[in-house]
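Student: I would like to take a close look at one part of this protein, and to see how that part sits within the whole.

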Amino acid sequence: MWDERFAGDTFLFGTKPAMGLVRHKDKLIQNGSCLAVADGEGRNSVYLAELGHDVLAMDSSQVGIDKAKKLAEAHQVSVSYELADIYGYDWQKAQFDNVVAIFIQFAPPSKWHEIFEGMKQALRPGGVLILHGYTPKQVEYGTGGPSNVAHLYTTEMLAEAFGDMDILVNEAYEAVLDEGPGHSGQSALVDFVAVKR
Ligand SMILES: C[S@@+](CC[C@H](N)C(=O)[O-])C[C@H]1O[C@@H](n2cnc3c(N)ncnc32)[C@H](O)[C@@H]1O
């Protein structure tokens with residue numbers, strides 16, 4: 001499905017980084033190792049590499065990864081890529097200074113525990129997680145994201161799921177996105193930043 005959505009030359013979510021990443025980039029461990037989770041066509045991994053991070057971008061879409069490689073080339077940055085399914089993913093242990101997961105709301109609530117625990121596992125102690133996505137209000141706008149409201153995040157859910165981390169940011173807000181045809185218009189967003197103890 002994602003290979004089809006990413007077919008063609010247009011970048012579905014644009015080539016600029018997501019707002020939630022730009023807003024909180026300074027909270028990341030600078031020049032650190034960074035796992036970009038389900039990074040698709042590479043806009044966020046390229047940005048992270050431009051900031052000086054050593055980035056591994058994983059995604060299950062080969063078409064997305066091929067486009068991400070071209071984007072990295074065009075920006076003259078180096079990013080490592082891994083074609084992988086997030087379900088059953090080998091998260092490694094305490095490997096990364098930063099984990100960045102932007103719009104990974106393809107995953108249903110039944111998979112959140114596995115994914116969230118995996119992301120925590122991948123971080124070294126003191127490492128930083130940035131998670132950015134839509135809140136349930138987004139279904140009223142229909143300007144991007146899954147139509148199934150159950151997939152969307154509330155600040156309450158995030159506070160509970162990541163209660164074993166030191167939470168720096170857990171903010172729901174609204175903004176107008178202009179991130180390619182996939183994310184365009186008034187949007188109900190959530191930014192979450194936390195540090196592994
Ligand atoms: C909404 S897009 C977001 C892409 C990117 N994070 C961004 O913000 O531009 C969701 C991404 O999740 C990837 N994806 C979907 N199911 C996946 C899975 N089971 N394992 C890994 N990646 C998956 C898709 O290929 C797609 O790149």
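Which elements are included in what covers the buried residues of α4?

Tutor: The cover over the buried residues of α4 includes α1 (2-5), α3 (43-50), β2 (54-59) and β3. Please keep in mind throughout that this is a predicted model, and let us begin with the helix itself before turning to its surroundings.

Helix α4 comprises the 13 residues 62-74. At 1.5 Å a residue such a helix should span 18 Å, and because its end C-alpha atoms are indeed 18 Å apart, the expected and the computed span agree. Within α4, the buried residues are G64, I65, K67, A68 and A72. These residues cover an arc of only 165° around the axis, and therefore they lie on the same side of α4. The background is that an α-helix has 3.6 residues a turn, so residues three or four places apart point the same way. On the face of α4 turned away from that buried side one finds the exposed residues E73 and A74. It is the buried residues that are covered by elements including α1, α3, β2 and β3.

After the helix comes Q76, which has a positive phi, near 55°, although Q76 is not a glycine. Q76 belongs to the loop between α4 and β3, and it counts as exposed because it has 9 C-beta neighbours inside 10 Å, where the cut-off for exposed is 12 or fewer.

A second residue with a positive phi that is not a glycine is A38, at about 50°. A38 is found in the loop between β1 (33-37) and α3, and α3 is one of the elements over the buried residues of α4. Unlike the exposed Q76, A38 counts as buried, because 24 C-beta neighbours lie inside 10 Å, and 20 or more are needed for that label. A38 is also listed with W2, G40, S60 and I86 as the closest of the 19 residues that surround the ligand. The shell around the ligand divides into 10 nonpolar, five polar and four charged residues.

Following the chain past β3 (80-83), one reaches W91 in the loop that leads to β4 (96-102). W91 is buried, because 22 other C-beta atoms lie within 10 Å. Leaving aside residues up to four places away in sequence, W91 touches G118, Q121 and A122. W91 and I115, which are 24 residues apart in sequence, have C-alpha atoms 9.2 Å apart in space.

To place these parts in the whole, the protein has seven helices and seven strands, and their order along the sequence is α-α-β-α-β-α-β-β-α-β-α-α-β-β. Of its 197 residues, 43% count as buried. Among the contacts with a separation of 6 or more, 71% are between residues 24 or more positions apart. The C-alpha atoms fill a box of roughly 40 × 40 × 30 Å along the principal axes. A compact globule of 197 residues would have a radius of gyration near 16 Å, and the protein has 15 Å, so the two agree.

Key: Residues numbered from 1 in each chain as written. Predicted model: local features only at pLDDT ≥ 70, side-chain atom pairs only at ≥ 80, totals over all residues. Helix = DSSP H or I, 4+ residues; strand = E, 2+ residues; numbered from the N terminus. Rg over C-alpha atoms; globule rule 2.2 N^0.38 Å. Contact = placed C-beta atoms within 7 Å. Near = placed C-beta within 6 Å. Nonpolar A, V, L, I, M, F, W, Y, C, P; charged D, E, K, R; others polar. Expected span 1.5 Å × (residues − 1). Arc of directions from axis to C-beta.
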